[in-house]
Amino acid sequence: MTLAINSAARDAGGFLTVSGELKNTGSQAFASTAAWRGNELNSSGASVAGVTLIDKAGKKRYYVLRDTEGRCLCTTGLTVIEAGQTVPFFAQFPAPPTSTTEVEFNLPTFASATIKISG
């Protein structure tokens with residue numbers, strides 16, 4: 001599996017939306033997505049709800065936002081990704097202070113990556 005971040009953009013209302021793609025570069029279906037939902041008990045099911053952002057300068061960790069029913073504001077329904085399939089994903093967070101221009105992106109099973117925030 002590969003993960004590509006296409007954008008990390010501030011939205012009106014104080015949100016930060018990270019979007020990108022997950023691609024199965026293997027020759028068989030990938031069904032090990034359970035770790036991506038994280039350790040929290042949530043009603044999001046198979047999702048990327050386990051992604052976090054770390055503002056190292058501000059010493060703060062940001063978690064994916066939830067709706068009033070506890071579902072993540074993120075891509076859901078990620079149970080099986082077929083060989084060669086590319087799946088778009090997004091996750092929405094509270095926006096870090098405007099002085100924060102980059103954060104560390106963490107999704108379980110993938111290496112951490114520093115991403116720049118636009119907007």
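Me: Contact here means heavy atoms within 4.5 Å. With that in hand, which residues is L53 in contact with, leaving aside its neighbours within four places in sequence?
Reply: Happy to start there, and do keep in mind that this is a predicted model. L53 is one of the residues with the most contacts inside the largest nonpolar core. Once its neighbours within four places in sequence are set aside, the partners of L53 are L16, V18, K60, R61, Y62, F93, V103, E104, F105 and I115.

Me: Which element gives the largest share of this core?
Reply: The largest nonpolar core has 24 residues, and V48, L53, F93 and F105 have the most contacts inside it. Two or more residues come from each of β2 (15–23), β5 and β6. The largest share is four residues, and the element that supplies it is β5.

Me: Let's turn to the rings. How do F30 and W36 pair: stacked or tilted?
Reply: The structure holds three aromatic pairs, and F30 with W36 is one of them. Their centres are 5.7 Å apart, with 25 degrees between the planes. Planes under 30 degrees apart count as stacked, so the pair of F30 and W36 is stacked.

Me: Is F30 buried or partly exposed, and which is W36?
Reply: The cut-off for buried is under 20% relative accessible area. W36 has 0%, so W36 is buried. F30 has 22% relative accessibility, so F30 counts as partly exposed.

Me: W36 also pairs with F110; how many residues apart are they?
Reply: This pair is tilted, at 5.8 Å centre to centre and 35 degrees between the planes. The pair links distant parts of the chain, with W36 in the loop between β2 and β3 and F110 in the loop between β6 and β7 (113–116). Along the chain, W36 and F110 are separated by 74 residues.

Me: Which residues form one aromatic cluster?
Reply: W36 pairs with F30, and W36 also pairs with F110. These rings belong to one aromatic cluster, formed by F30, W36 and F110.

Me: How far apart are the C-alpha atoms of G50 and W36?
Reply: G50 lies in the loop between β2 and β3, and its relative accessible area of 16% makes G50 buried. Not counting residues up to four places away in sequence, G50 touches W36, R37, G38, N106 and P108. G50 and W36 are 14 residues apart along the chain, yet the separation of their C-alpha atoms is 5.2 Å.

Me: T33 lies in the loop between β2 and β3; is T33 buried or exposed?
Reply: Leaving aside its neighbours within four places in sequence, T33 is in contact with A46, S47, L78 and T79. Its relative accessibility is 4%, and the cut-off for buried is under 20%. T33 therefore counts as buried.

Me: Which residues does the disulfide join?
Reply: A search of the whole structure finds one disulfide. Its S to S distance is 1.9 Å, and with -75 degrees about the S-S bond the link is left-handed. Both partners are buried, one at 7% relative accessibility and the other at 6%. The residues joined are C72 and C74.

Me: Last one: is S99 buried or exposed?
Reply: S99 sits in the loop between β5 (86–94) and β6 (102–106). Its C-alpha is 9.7 Å from that of A57, 42 residues apart in sequence. With 63% relative accessibility against a cut-off of over 50%, S99 counts as exposed.

Notes: Residues numbered from 1 in each chain as written. Predicted model: local features only at pLDDT ≥ 70, side-chain atom pairs only at ≥ 80, totals over all residues. Heavy atoms only, no water. Buried < 20%, exposed > 50% of the residue type's maximum accessible area, 1.4 Å probe, protein only. Core = buried A, V, L, I, M, F, W, Y, C linked by side-chain atoms within 4.5 Å. Phe/Tyr/Trp six-rings, centres within 6.5 Å; stacked < 30°, edge-to-face > 60°. Disulfide = S-S within 2.5 Å.
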